[in-house]
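Colleague: I should like to learn how to read a model of this kind, feature by feature. May we begin with the chain as a whole and then turn to particular residues?

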Amino acid sequence: MGTAQRHLAPEDGTATRSTVRPEPEAPDGGLSPRGGDELSGARTRTQQKAQYRPLWVEEPAKRYRMPDPVRTSAVRALIIVAVTLIQAMVAFFCTMAESWLAFPMVISSVASTVVATWGAVDVLVTRQVWNQRNGVISEPSSTARSLRRERRAARRRQRATEREQERIRRRGGNTGQLSHP
């Protein structure tokens, strides 16, 4: 939604419908039924565009996007679970049809269930590891706090050296000079 549309949207964030109805076209090829000319038709189209209101107003996300490693493991787990469900369904239908494929499908479904459980646990572990390394600080002994402290100190040192280099450059850049000429 563009900025202009946000300004026209209601403040409460509710969905609204447009009340502007298009004017019926005349069968004579564009002249309005009131006997107007082409210019009046252009005016009504311009007025309709000016009175346009969006059908809904987009609200900002309440939750942040998942970190990339967590999202990757979640997608992997979802695909594994989907394949497991398909295998279980095929195993069920093969059993009902008394097919020779029923036994191998049941065995592979059991193995797939183990792998799907591993995938779900992998999502939880990846999320926890990411939070401990980069994210939410929940207690004073969190590793994220010490890593952030180290990064801040490194940035401060880098900025200090940059300021010192800038000061040397402003003075003329000649550090071996004993006095001004």
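Modeller: Let us begin with burial, keeping in mind that this is a predicted model. Of the 181 residues of the protein chain, 16% count as buried. The chain exposes about 15,300 Å², and carbon and sulfur atoms supply 59% of that area.

Colleague: What pattern does the protein chain follow when read along the sequence?

Modeller: The pattern is α-α-α-α-α. There are five helices and zero strands. As for contacts between residues at least 6 apart in sequence, 54% join residues at least 24 apart.

Colleague: How should one judge the span of a helix, taking helix 3 as the case?

Modeller: One sets the distance between the terminal C-alpha atoms against the span expected at 1.5 Å a residue. Helix 3 covers residues 68-96. With its 29 residues, helix 3 reaches 42 Å from its first C-alpha to its last, close to the expected 42 Å.

Colleague: Which residues of helix 3 are buried, and what covers them?

Modeller: The buried residues are Val70, Ser73, Ala77, Ile80, Thr84, Gln87, Ala91 and Cys94. Their cover includes helix 4. Thr84 offers a worked case: its relative accessible area is 9%, so it counts as buried, the limit being under 20%. Leaving out residues up to four places away in sequence, Thr84 touches Ser109, Ser112, Thr113 and Ala116.

Colleague: Where does Thr126 lie, and is it buried or exposed?

Modeller: Thr126 belongs to helix 4, which spans residues 102-134. Its relative accessibility is 18%, and therefore Thr126 counts as buried. Beyond its neighbours within four places in sequence, Thr126 is in contact with Pro69, Val70 and Ser73. Two of these contacts, Val70 and Ser73, appear among the buried residues of helix 3. The side chain of Thr126 also has a polar atom 2.7 Å from the backbone oxygen of Asp122.

Colleague: What does Cys94 touch, not counting residues up to four places away in sequence?

Modeller: Cys94 touches Ser99, Leu101 and Ala102. Cys94 lies in helix 3 and counts as buried, because its relative accessibility is 11%. A C-alpha distance gives another view: Cys94 and Met105 are eleven residues apart along the chain, and their C-alpha atoms are separated by 8.0 Å.

Colleague: Which residue follows helix 3 with a positive phi?

Modeller: That residue is Glu98. Its phi is near 55°, a positive value in a residue other than glycine. Glu98 is placed in the loop between helix 3 and helix 4. With 73% relative accessibility, Glu98 counts as exposed, because the limit for that class is over 50%.

Colleague: Which residues make the nonpolar surface patch?

Modeller: Met89, Phe92, Phe93 and Met96 make a patch of about 460 Å². For Met89, which lies in helix 3, the relative accessibility is 46%, so this residue counts as partly exposed.

Colleague: How many salt bridges does the structure hold, and how should one read them?

Modeller: The structure holds six salt bridges. In reading each one, it helps to consider the atom separation, the place of the partners and their exposure. Glu164 and Arg167 form one, with the closest N and O atoms 3.0 Å apart. Because these partners are three residues apart in helix 5 (residues 143-171), about one helical turn separates them. Glu164 is partly exposed, with a relative accessible area of 34%, and Arg167 is partly exposed at 37%.

Colleague: How far apart are the closest N and O atoms of Glu166 and Arg169?

Modeller: They are 2.5 Å apart. Glu166 is partly exposed, with a relative accessible area of 29%, whereas Arg169 is exposed at 58%. Both lie in helix 5, three residues apart, which is about one turn of the helix. Elsewhere, salt bridges with shared partners join Arg65, Asp68 and Arg71 into one network. Within it, Asp68 pairs with Arg65, the closest N and O atoms being 3.8 Å apart. Asp68 is partly exposed, with a relative accessible area of 47%, while Arg65 counts as exposed at 66% relative accessibility.

Conventions: Residues numbered from 1 in each chain as written. Predicted model: local features only at pLDDT ≥ 70, side-chain atom pairs only at ≥ 80, totals over all residues. Heavy atoms only, no water. Helix = DSSP H or I, 4+ residues; strand = E, 2+ residues; numbered from the N terminus. Buried < 20%, exposed > 50% of the residue type's maximum accessible area, 1.4 Å probe, protein only. Polar contact = N/O pair within 3.5 Å; in protein donor to acceptor, adjacent residues only side chain to side chain. Contact = heavy atoms within 4.5 Å. Patch = residues over 30% accessible without salt bridge, like charges linked within 9 Å, V, L, I, M, F, W, Y side chains within 5 Å. Areas by Shrake-Rupley, 256 points an atom, 1.4 Å probe, with all protein chains shown as cover. Salt bridge = Lys/Arg side-chain N within 4 Å of Asp/Glu carboxyl O. Expected span 1.5 Å × (residues − 1).
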